[in-house]
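Work through the following exercises with the sequence and the coordinates side by side, and attempt each task before reading its solution.

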Amino acid sequence: MYEFTHHAATSVADAVGALGEGKFLAGGQTLLPTMKQRLAMPGHLVDLGKVAELRGVEEKGDVLVVKAMTRHVEVATSALVARAVPGLEKLAGMIGDPAVRNRGTIGGSIANNDPTADYPAACLALKATIVTNTRRISADDYFTGLFSTALEDGELITAVEFPKAKLHYAKFPNPASRYAMVGVAIVKGADGVRVAVTGSGGDGVFRWSEAEAKLKADFSAGALEGMKADAAGMMSDIHGSAEYRAHLVGVMARRALSES
Ligand SMILES: Cc1cc2nc3c(=O)[nH]c(=O)nc-3n(C[C@H](O)[C@H](O)[C@H](O)COP(=O)(O)OP(=O)(O)OC[C@H]3O[C@@H](n4cnc5c(N)ncnc54)[C@H](O)[C@@H]3O)c2cc1C
């Protein structure tokens, strides 16, 4: 590791004010390894760990609010989450391993927008709202590509608001990292049927409109029988070809509906 300065923020206003050219530090699960490898070299870190207003889950009418510094383990074990958005707690429990779930946060996950992360699929399928220190961003506008989001420099995610609905999610994890080779999230809610796919898209998380059309007529695993996604634009790497991932999208979509 190299030398950098560290500021333990005490509030959202303090964090934003102290950032300068630095970076926010949440659970450090992605940022610290990146710094150790010199892939990013911020000279200043603003640690969000002590900002109480960024922790916890709460209900606000028809919405479940998960604050940005809420760790994956807290979502995975929350009775409120399981009641308000059943399935979201299971998704959080599938992230990484216990060490990762004990440190990693929802804010860090969606700020990073790894194309194989789980939360982006939940946000897109549920049409969540990403709340920042300056504005509210619909998930439809938030995820803009590989590791890329609508966040401006210095903008801080304060919470994610999920409309209450059941989340069906199935994931085929990479056996080493547990990141999704393919993860499919399906929701039938106020906004109709939405199917979001992570792990396979060359541009990150995306909606699978062909499956949405089928499920609109018949919301069951059977409606997706024999379907696979289009392999064009899918990631292809040592873990699996584009064709393999396209096939897995169909399998995981059917599994999401039949097993959750
Ligand atoms: C071995 C391993 C396995 C993993 N497996 C999975 C998996 O299966 N599924 C999955 O989804 N994820 C997985 N992850 C990712 C992990 O769960 C974390 O979500 C992710 O590393 C980022 O969260 P963090 O809190 O650690 O953020 P950090 O690493 O602290 O920060 C990541 C980035 O987000 C920025 N940031 C953090 N918080 C905010 C905020 N509130 N507002 C604006 N910007 C912010 C930081 O500046 C930084 O650029 C894995 C990670 C590891 C190391």
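The exercises below concern a predicted model, and each task is followed by a worked solution.

**Exercise 1. Determine which strands of the four-stranded open sheet stand at its edges, and describe what packs on the sheet.**

Begin with the strand order, which is β11-β12-β13-β14, with antiparallel pairing. Reading the two ends of that order, β11 (168–173) and β14 (206–207) each have a single partner strand, so one side of each is left without a neighbour in the sheet. Helix α10 (residues 209–217) packs on this sheet, where it touches β13 (192–198) and β14, and its direction makes about 150 degrees with that of β13. Turn next to the pairing of β11 with β12 (residues 180–189), an antiparallel pair joined by six bridges; within it, Ala 170 has Val 184 as its bridge partner in β12.

**Exercise 2. Establish the order, the edges and the twist of the three-stranded open sheet.**

The strands follow the order β1-β3-β2, and their pairing is parallel. The edges are formed by β1 (5–8) and β2 (23–25), each of which pairs on one side only. From one strand to the next, the twist averages 30 degrees. As a check on the register, β1 and β3 (residues 44–47) pair in the parallel sense over four bridges, and the bridge partner of Thr 5 in β3 is His 44.

**Exercise 3. Decide whether Lys 67, Asn 113 and Arg 178 are buried or partly exposed.**

The cut-off needed here is that a residue is buried if 20 or more other C-beta atoms lie within 10 Å of its own, and exposed if 12 or fewer do, with partly exposed in between.

- Lys 67, which lies in strand β5 (residues 63–67), has 22 other C-beta atoms within 10 Å and is therefore buried. Leaving aside residues up to four places away in sequence, Lys 67 touches Leu 54, Arg 55, Gly 56, Thr 158 and Ala 159.
- Asn 113, in the loop between α7 (106–112) and α8 (119–126), counts as buried because it has 23 C-beta neighbours inside 10 Å. Its phi is near 50 degrees, a positive value in a residue other than glycine.
- Arg 178, found in the loop between β11 and β12, has 16 C-beta neighbours inside 10 Å and so counts as partly exposed. Phi of Arg 178 is also positive, near 75 degrees, again in a residue other than glycine.

**Exercise 4. Test whether the end-to-end distance of helix α11 agrees with its number of residues, then find what covers its buried residues.**

Helix α11 (residues 242–259) has 18 residues, which at 1.5 Å a residue should span 26 Å; the end C-alpha atoms are 25 Å apart, so the two values agree. The buried residues of α11 include Arg 245, Leu 248, Val 249, Met 252 and Ala 256. An α-helix has 3.6 residues a turn, so residues three or four places apart point the same way. The cover over the buried residues of α11 includes β11, β12, β13 and α10.

**Exercise 5. Describe which residues and elements make up the shell around the ligand.**

Of the 30 residues around the ligand, those that come nearest are Gly 27, Gln 29, Gly 96, Gly 107 and Gly 108. Sorted by element, β2, α6 (98–103) and α7 each supply at least two residues of the shell, and α7 gives the most, with five residues. Sorted by character, the shell divides into 13 nonpolar, 13 polar and four charged residues.

Definitions and conventions. Residues numbered from 1 in each chain as written. Predicted model: local features only at pLDDT ≥ 70, side-chain atom pairs only at ≥ 80, totals over all residues. Contact = placed C-beta atoms within 7 Å. Pairing = 2+ DSSP bridges. Axes fitted to C-alpha atoms, helices over the stretch in contact; angles between N-to-C directions. Expected span 1.5 Å × (residues − 1). Near = placed C-beta within 6 Å. Nonpolar A, V, L, I, M, F, W, Y, C, P; charged D, E, K, R; others polar.
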